[in-house]
Amino acid sequence: MSVTAITSDDKKTVDIHVAEQFDYSAHQSFREAYRFVDQPGTLFRVNLSKATYMDSSALGMILLLKEHADSLSGKVVLFQPNSAVNKILSIAKFDQFVSIEA
């Protein structure tokens, strides 16, 4: 499990990269990636291209991120989930909550 985050110079975009398994073991590092961001209108882009697995705790983490983004009038976009991760997002109907881009 690996979570890294990069904040743009203008602090309006946070790119969060998740690699390998996205499960409860990523909880703390995923939360640390965004919890101190307080810029109104921030765009949180979660790159899932290297995530090989996602469980229900990861879905909960994304919902918590969305709640944080909403409190800032920001947005969450999930990028490039592989077919297995995309299937989980589809079953959970996450496209109703956040943008998912292939």
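## Leu 48 and its contacts

Contact here means heavy atoms within 4.5 Å. By that yardstick, and leaving aside neighbours within four places in sequence, Leu 48 is in contact with Val 18, Phe 22, Met 54, Leu 78, Phe 79, Gln 80, Pro 81, Asn 82, Val 85 and Leu 89. Keep in mind that this is a predicted model.

One of those partners, Asn 82, also turns up at the start of helix H3, which spans residues 83-91. There, a side-chain oxygen of Asn 82 comes to within 3.0 Å of the backbone nitrogen of Ala 84. Past the other end of the helix, Lys 93 follows H3 and has a positive phi, near 55 degrees.

## The nonpolar core

Which residues touch the most other members of the largest nonpolar core? They are Ile 16, Phe 22, Phe 30 and Leu 48, out of 28 residues in that core. The elements that each put in two or more residues are strand S2 (13-22), helix H1 (27-34), strand S3 (43-54), helix H2, strand S4 (75-79) and helix H3. H2 gives the most, with six residues.

As a bit of background, nonpolar side chains in soluble globular proteins tend to be buried together.

## The strands

Let's walk through the pairings. S1 and S2 run antiparallel to each other and pair over six bridges. Within that pairing, Thr 4 has His 17 of S2 as its bridge partner. The hairpin made by S1 and S2 has five residues between the strands, and Lys 11 takes a positive phi there, near 60 degrees.

On to S2 and S3: these two run parallel and are joined by nine bridges. In S3, Tyr 53 stands opposite Gln 21.

## The buried side of H1

Phe 30, Ala 33 and Tyr 34 are the buried residues to look at in H1. Why do they sit on the same side of H1? Because they cover an arc of only 80 degrees around the axis. The general helix rule is handy here: an α-helix has 3.6 residues a turn, so residues three or four places apart point the same way. As for what covers the buried residues of H1, the list includes strand S1 (2-7), S2, S3 and H2.

## Tyr 34, His 68 and Thr 7

Tyr 34 belongs to helix H1 and has 4% relative accessibility, so Tyr 34 counts as buried. Not counting residues up to four places away in sequence, Tyr 34 touches Ile 16, Phe 44, Leu 64, Leu 65 and His 68. Turn to His 68, in helix H2 (residues 56-71), and the contact list reads Tyr 34, Arg 35, Val 37 and Phe 44, again without residues up to four places away in sequence. Is His 68 buried or exposed? With 18% relative accessibility, His 68 counts as buried, because the cut-off for buried is under 20%.

Thr 7 is part of strand S1. At 40% relative accessibility, Thr 7 counts as partly exposed. Leaving aside neighbours within four places in sequence, Thr 7 is in contact with Thr 13 and Val 14. Thr 7 and Tyr 34 are 27 residues apart along the chain, with their C-alpha atoms separated by 9.4 Å. For Tyr 34 and Asp 9, which are 25 residues apart in sequence, the C-alpha to C-alpha distance is 15 Å.

## Aromatic pairs

How many aromatic pairs does the structure hold? Four. The Phe 22 and Phe 30 rings have their centres 5.2 Å apart and their planes at 50 degrees, so this pair is tilted. Phe 22 counts as buried at 0% relative accessibility, and Phe 30 counts as buried at 1%.

Phe 94 and Phe 97 make an edge-to-face pair, at 5.6 Å centre to centre and 75 degrees between the planes. Phe 94 is buried, with a relative accessible area of 4%, while Phe 97 counts as partly exposed at 41% relative accessibility.

Ring pairs also link Phe 22, Phe 30, Tyr 34 and Phe 44 into a cluster. Two members of that cluster should ring a bell: Phe 22 and Phe 30 are also among the residues that touch the most other members of the largest nonpolar core.

Terms used
Residues numbered from 1 in each chain as written. Predicted model: local features only at pLDDT ≥ 70, side-chain atom pairs only at ≥ 80, totals over all residues. Heavy atoms only, no water. Polar contact = N/O pair within 3.5 Å; in protein donor to acceptor, adjacent residues only side chain to side chain. Helix = DSSP H or I, 4+ residues; strand = E, 2+ residues; numbered from the N terminus. Buried < 20%, exposed > 50% of the residue type's maximum accessible area, 1.4 Å probe, protein only. Core = buried A, V, L, I, M, F, W, Y, C linked by side-chain atoms within 4.5 Å. Arc of directions from axis to C-beta. Phe/Tyr/Trp six-rings, centres within 6.5 Å; stacked < 30°, edge-to-face > 60°. Pairing = 2+ DSSP bridges.
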